[in-house]
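I wanted to look up the charged side-chain pairs in this structure and to note how much of each partner is accessible. My entries follow the display.

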Amino acid sequence: MDGDFIIGGSFSLHAYMHTVYNNYTSMPEAVKCKGSIDTRELRFSRAMVFAIEEINNSTELLPGIKLGYQIYDSCALVPVAVHVAFQFLNSLDTAFSTGNSCSQTGMVMAAVGDSGSSPSISISRLISPFNIPLVSYFSTCACLSNKQQYPNFFRTIPSDQFQAAALAKLIKHFGWTWIGAVRSDSDYGNNGMASFLEAAQKEGICVEYSVSFYRTNPQSRIQKVADVIRRSKAVVVVAFASFGDMKILLEELSREPFPPRQWIGSESWVTNTELTRYSFCAGAIGFGIPKSVIPGLRDFLLNLSFSEVAASSVLTEFWEDAFNCRLKKSTATVNEKVCDGTEDIQNLKSQYTDTSQLRITNMVYKAVYAIAHAIHNAVCHGKNVTAQCDKLTKLEPKQVLTELKKVNFSQNGYDVSFNANGDPVANYELVNWQKHESGNTEIVTVALYDASLPVGKEFRINRNITWMENSTNVPVSVCSGSCPLGTRKVLQKGKPICCYDCIACPEGEISNITDSADCLPCHKEFWPNAKRDTCIPKPVEFLSFQDILGIILATFSILGAFFAIMTAAVFFHHRTSPIVRANNSELSFLLLISLTLCFLCSLTFIGAPSEWSCMLRHTAFGITFVLCVSCVLGKTIVVLMAFKATLPGSNVMKWFGPLQQRMTVVSFTFIQVLICTIWLVLSRPFPIKNLTTYKEKIILECALGSAVGFWVVLGYIGLLASFCFVLAVLARKLPDNFNEAKLITFSMLIFCAVWITFIPAYVSSPGKFTVVVEIFAILASSFGLMLCIFAPKCFIILFKPEKNTKKCLMNKNQS
């Protein structure tokens, strides 16, 4: 249609081109498209005509100016798209009308198109040097946002860069990490899939396979792609393909059954109702341009007169295919009927008449209006809306290009503007193919996506999604199952990061999130629970009065102290008897008191260590035992001195009387007190938490402070005990009837044996058993002294009183 200013249009009305073999001896044939007409694309082209007629009838936009159009079929192929671009350029010659007035009739100021990214790239490159802007309604390749290469390109549909990122977030949202990828082998498919794979990698999504194809490929290539999909383990398949390519692939897949797949589609095919007839795709989801309403468009599409159809070769082809008839009787075969004008387009079920899913159609509508607004701003600048614009104004395509960058308006409630890259704001609907009980599959909007919203809030799901096989459960598509808490992921050799084994966390470490890559060590005072998913405080262990061992040892300590006190009571009651008076009764009572303290000091080793208990237990033990051994040593020396005193001319007892005996005990004990005092002053024992002996529990124990101090205290006791043992051995065969040296020998033998075995046992015992060994050594040596020294005397006092006489004690011949 002619007009004051012409807008070009390029639509993929067909999908194939008639192949011509030129022999270069005659003029080549004109480019022809073949195959069935794409009724959806026909609707797009008619929407452009509708928009132009609506603008021409407007009193606000371009008043007094008539827009014309030149619409071409690009066949969705680059060679034909190049031919279309040259048609746009051929119109640049100025036409001269009668009256020698310059008119720009036939000059293309801007173009709308194309559906495919590859044809748009070709058209844009060719018309760019002439500054003719190209506004696409369906070319989504992110590469077209490059203003260096495509300075004249605009589009009303968002770039695939946004769709690819949205698809990756969608897949991540539903927890799919193992997917298949199929794409068209074109600029649209290759660039779109590259953007998607880059975004998917950032989201941690792995791709099992990525295959490409094109509708003109041999059947074997299409079949190979279908076989890859059939054999794969990935349940989710992302298809970044054009409608024509996807139709060919789905046709191949429908030939034989294959495992159910969850299809994720790009906008190019997932909103096309023609593909919903493939029932195995039911449950497919994908992003589409939001649905819209264009008042009056449906009536315009259906208002086709028979004469208008006959005048257009494209409409004629559509009419004949739709009603299976021929407009011209001469072209009809015997079995074909002739169209007579009675065909009812109102009841025709076709994508041409289906205006329930106006998505891309609105992009065409907005593209035409964007160009019209740019021309209006260039031609009618400063004019009132009621004034007529000057249609003879000299207008260059470069002016339209400049004004297109600035357009910002609203049409039918839909905003239209372009950013610096010529792209609009990215808004999508998430559509879902839902199969109804009737068996029909319907495209339903289930969510909205707005790229301008904050990260994580882009999705607004407002309706339940139906998945593959009409299931309401989200399908699972992973290479390896999710690793539970307490485990970590270990990658399988030679496979992507989504393929891994779940290994239990090592000892002392936990993982408290699913699919954890690493396990975290617990704090030194904490330990993992049985599931190794949380750290719990380590149990604190020490020898307490509630432990069975603690109760037993405390009982023996109290019993030992009780026996020592009872023995002292018996001795005190019979203090005048010869057996008590023998060998210095004063030392005997002092020994019993020290033994009582020895038994009781073992109680300081039981219970939670504290500052005072740690200092008391070792020093009390060291001092009481030295006091005890000093008393035994004093008694041994008394036995030796007493024997020497019986020899003629001996006066030795006056040098070791009661005073000297007391001084000996006090001196030996004072040395130990001095050692303990130095130990406490320089480096005293203190309570610690032992975290090394057992990894899974804490041992409360007393650190020695200075190990030298401890071993000096213990060594001093051992020195006195050894000295006492030697003297007792020397005095054991003295010819008294009741020689106490024999009893001392046995007691010191037990004492030394206990403490010699104590040293390795003490060093090697772990945790609280160190304390148990120490208490056992104290009790064993104390009971040894009690039994060996005092038990025989008590037996005679209580059960053999007839032997408790001076005569029996002095009789050397009686045993």
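**Notebook: salt bridges and burial**

I began with burial, and in this predicted model I found Arg 215 to be buried, with Asp 245 buried as well. I then looked at how these two side chains stand to one another, and I noted that they meet in a salt bridge, with 3.3 Å from N to O. The pair links distant parts of the chain, since the two residues lie 30 residues apart: Arg 215 sits in the loop between strand E11 (206-213) and helix H6 (219-231), while Asp 245 belongs to helix H7 (residues 243-253).

I next searched the whole structure for such pairs, and the search returned 14 salt bridges.

Among them I looked up Glu 252 and Arg 255, whose side chains meet in a salt bridge at 3.0 Å, N to O. Are the two partners buried or exposed? I recorded Glu 252 as buried because its relative accessible area is 5%, which is under the 20% cut-off. Arg 255, on the other hand, has 56% relative accessibility and therefore counts as exposed, the limit for that class being over 50%.

My last entry concerns Glu 320, which forms a salt bridge with Arg 326, where the closest N and O atoms are 3.5 Å apart. Glu 320 has a relative accessible area of 14%, so I entered this residue as buried. For Arg 326 I wrote down partly exposed, because its relative accessible area is 22%.

Note on methods:
Residues are numbered from 1 along each chain as its sequence is written. This is a predicted model: local features need pLDDT of at least 70, side-chain atom pairs count only at pLDDT 80 or more; totals for chains, interfaces and linings use all residues. Side-chain values use heavy atoms; hydrogens and water are left out. A salt bridge is a side-chain nitrogen of Lys or Arg within 4 Å of a carboxyl oxygen of Asp or Glu. Helices (H or I, at least four residues) and strands (E, at least two) are DSSP runs, numbered from the N terminus. Buried means under 20% relative accessible area, exposed over 50%, partly exposed in between (1.4 Å probe, protein chains only).
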